[in-house]
Amino acid sequence: MDKSTMFKTLDSFDTEYSADSVEWCPANAFQDIFVCGTYQLRKEDEETLDRSTSSKRLGRIYMFRVADNGHLMLLQKLEVPAVLDTKWAHVKYQDKILLGVVNSLGYLQIYELKSNDQKESLELLIEKRITDGGETLALSLDWCTGKWTHDNESNPKIVVSDSKGFVSLLEINESELSKIDSWPAHEFEAWIAAFDYWDTNVIYTGGDDCKFYRFDTRVGANSTGVSKAHGAGVTSVHSNAAKEFLLSSGSYDETLRLWDTRHFKRPVSELDLGGGIWRLKWDPFARKYLLAACMYGGFRIIDCENTESPSLIGEYNEHESIAYGCDWSLLSSSEISKRILKREVRDVALIGTCSFYDHTLRLSATFLQNE
């Protein structure tokens with residue numbers, strides 16, 4: 001199969017502001033819903049504003065549903081500070097479906113997905129600024145819930161990285177966000193922080209200083225492992241929730257690295273993807289495919305079943321700007337075939353992708369096997 005024919009674009013949407021984040025809802029009955037976060041830098045009149053505030057970062061959160069014909073239905077548009085990252089909790093907490101958002105004002109916000117009279121909306125539940133003063137952007141977040149299979153197992157933890165190189169660990173307790181710890185992890189921007197879903201005491205971080213760290217929160221802020229394998233800033237990390245010890249990382253150096261977390265000094269394999277890797281997402285089913293947003297190289301799908309020799313199997317090049325946000329829907333192949341494609345297809349998945357300067361969101365079907 002030609003790598004580009006793996007994809008069929010179903011619909012697109014102009015987000016107006018630059019788009020950088022796509023996340024599908026994991027909750028049953030809502031897996032046809034996803035959000036898209038945006039980030040827009042607006043220059044103000046410098047004669048009337050102090051230099052330190054001469055620009056304002058604006059954002060929106062769009063929430064969509066995929067209709068049965070494969071078209072996008074806009075459910076909600078929220079005007080917010082510029083959005084850097086969004087992530088849904090993998091399971092419900094106190095019967096609530098929660099979305100985490102980090103923004104340009106340095107806040108972690110938790111939204112709840114509400115459904116009243118078959119109308120869905122996001123409502124801000126709680127928020128907390130992760131730093132005490134100064135202009136700090138909250139850059140990424142991850143929930144500890146990647147391997148949780150039941151709701152309300154305990155109070156979920158969230159890790160947040162920021163533009164000053166700090167990493168913060170927070171916990172939801174009833175209707176409050178509590179900061180457990182915060183430490184300086186990187187010399188420059190900490191682009192990414194992610195839990196090891198098999199041992200959520202362990203957090204991985206990547207920064208603009210090209211370093212890739214492992215921290216164990218039980219022993220404090222001293223790293224328990226560091227790798228200098230990346231040739232540029234480390235921008236993406238994602239733990240595999242089906243295969244213990246398997247971790248993926250991406251970098252501005254355009255190379256996908258797969259890791260055995262028991263041997264942190266060097267990766268198991270490396271694969272050049274032809275573009276700076278901004279986001280990596282394991283597929284939510286077999287968890288052997290990676291979806292990668294490769295900035296100037298478009299979007300890619302990599303088969304990682306053989307971790308020592310991953311292979312590029314799909315390329316999606318329909319965007320005309322920096323490929324930033326991407327995610328897989330949790331809708332099953334049979335449901336996509338029946339509801340959206342209206343024909344029987346094996347191994348098909350829905351993905352959302354978004355690009356920055358052309359402020360474009362696209363919904364696509366990707367065919368993971370030959371039809």
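**Cysteines, strands and turns in a predicted model**

The sulfur of Cys-25 lies 15 Å from the closest cysteine sulfur, which belongs to Cys-36, and this is too far for a bond. Cys-25 is also buried, with a relative accessible area of 0%. The structure in which these values were computed is a predicted model. Cys-354 is likewise in no disulfide, and the nearest cysteine sulfur, again that of Cys-36, is 4.5 Å away. Since a disulfide requires two cysteine sulfur atoms within 2.5 Å, the distance of 4.5 Å for Cys-354 does not qualify. Cys-354 is buried, with a relative accessible area of 0%. A search of the whole structure finds 0 disulfides.

The strands may be considered next. Strands of a sheet pair through backbone hydrogen bonds, and the pairing is either parallel or antiparallel. In this model, an open sheet of 4 strands follows the order β11-β12-β13-β14, and its pairing is antiparallel. The edges are formed by β11 (residues 138-143) and β14 (residues 176-184); each has a single partner strand, so one side of each is left without a neighbour in the sheet. On average, and with direction ignored, neighbouring strands of this sheet are turned by 25 degrees against each other. At one edge, β11 is joined by 5 bridges to β12 (residues 157-162), and the two strands run antiparallel. The pairing can be located residue by residue: Ser-140 has Ser-161 of β12 as its bridge partner.

A further group of strands is centred on β20 in this description. Strand β20 (residues 246-251) is mostly covered, for 6 of its 6 residues are buried. Leu-246, Ser-248 and Gly-250 point one way from the strand, Leu-247, Ser-249 and Ser-251 point the other way, and all are buried. Strand β19 (residues 234-239) is joined to β20 by 5 bridges, and the two run antiparallel. Within this pair, Val-237 stands opposite Ser-249. The hairpin of β19 and β20 has 6 residues between the strands, and Phe-245 there takes a positive phi near 75 degrees. Strand β20 is also joined to β21 (residues 255-260), by 4 bridges and in antiparallel fashion. Here Ser-248 stands opposite Leu-258 of β21. The hairpin of β20 and β21 has 3 residues between its strands, and Glu-254 in the turn has a positive phi of about 75 degrees.

Two polar residues in strands deserve attention. What does the side chain of Ser-236 reach? Ser-236 is found in strand β19, and at 1% relative accessibility it counts as buried. Its side chain reaches the backbone nitrogen of Leu-280 at 2.9 Å. Apart from residues up to four places away in sequence, Ser-236 touches Ser-248, Ser-249 and Gly-250, as well as Ile-192, Trp-278, Arg-279 and Leu-280. Of these, Ser-248, Ser-249 and Gly-250 are residues of β20.

The second polar residue is Asn-103, in strand β8 (residues 97-103). It counts as buried, at 1% relative accessibility. The side chain of Asn-103 reaches the backbone nitrogen of Leu-105 at 2.9 Å. Beyond its neighbours within four places in sequence, Asn-103 is in contact with residues that include Pro-81, Ala-82, Gln-109 and Leu-137. The C-alpha atoms of Asn-103 and Leu-58 are separated by 9.6 Å, although the two residues lie 45 places apart along the chain.

Backbone angles in the loops form the last topic. Most residues other than glycine have a negative phi. Against that background, Gln-118 has a positive phi, near 60 degrees. Gln-118 is placed in the loop between β9 (residues 107-116) and β10 (residues 119-129). Is Gln-118 buried or exposed? Gln-118 is exposed, with a relative accessible area of 74%.

Lys-342 also has a positive phi near 60 degrees, and it follows helix α1. Its place is in the loop between α1 and β28 (residues 348-355). Lys-342 is exposed, with a relative accessible area of 56%. Helix α1 (residues 333-341), by contrast, includes the buried residues Ile-336, Ser-337, Arg-339, Ile-340 and Leu-341. The chain therefore passes from the buried Leu-341 to the exposed Lys-342, for exposure is counted from over 50% relative accessible area.

Technical notes. Residues are numbered from 1 along each chain as its sequence is written. This is a predicted model: local features need pLDDT of at least 70, side-chain atom pairs count only at pLDDT 80 or more; totals for chains, interfaces and linings use all residues. Side-chain values use heavy atoms; hydrogens and water are left out. Two strands pair if DSSP finds at least two bridges between them. Axes are lines fitted to C-alpha atoms, for helices over the stretch in contact, and angles run from 0 to 180 degrees between N-to-C directions. Buried means under 20% relative accessible area, exposed over 50%, partly exposed in between (1.4 Å probe, protein chains only). Contact means heavy atoms within 4.5 Å. A polar contact is a pair of N or O atoms within 3.5 Å; within protein, one must be able to donate a hydrogen and the other to accept it, and residues adjacent in sequence count only if both atoms are side-chain atoms.
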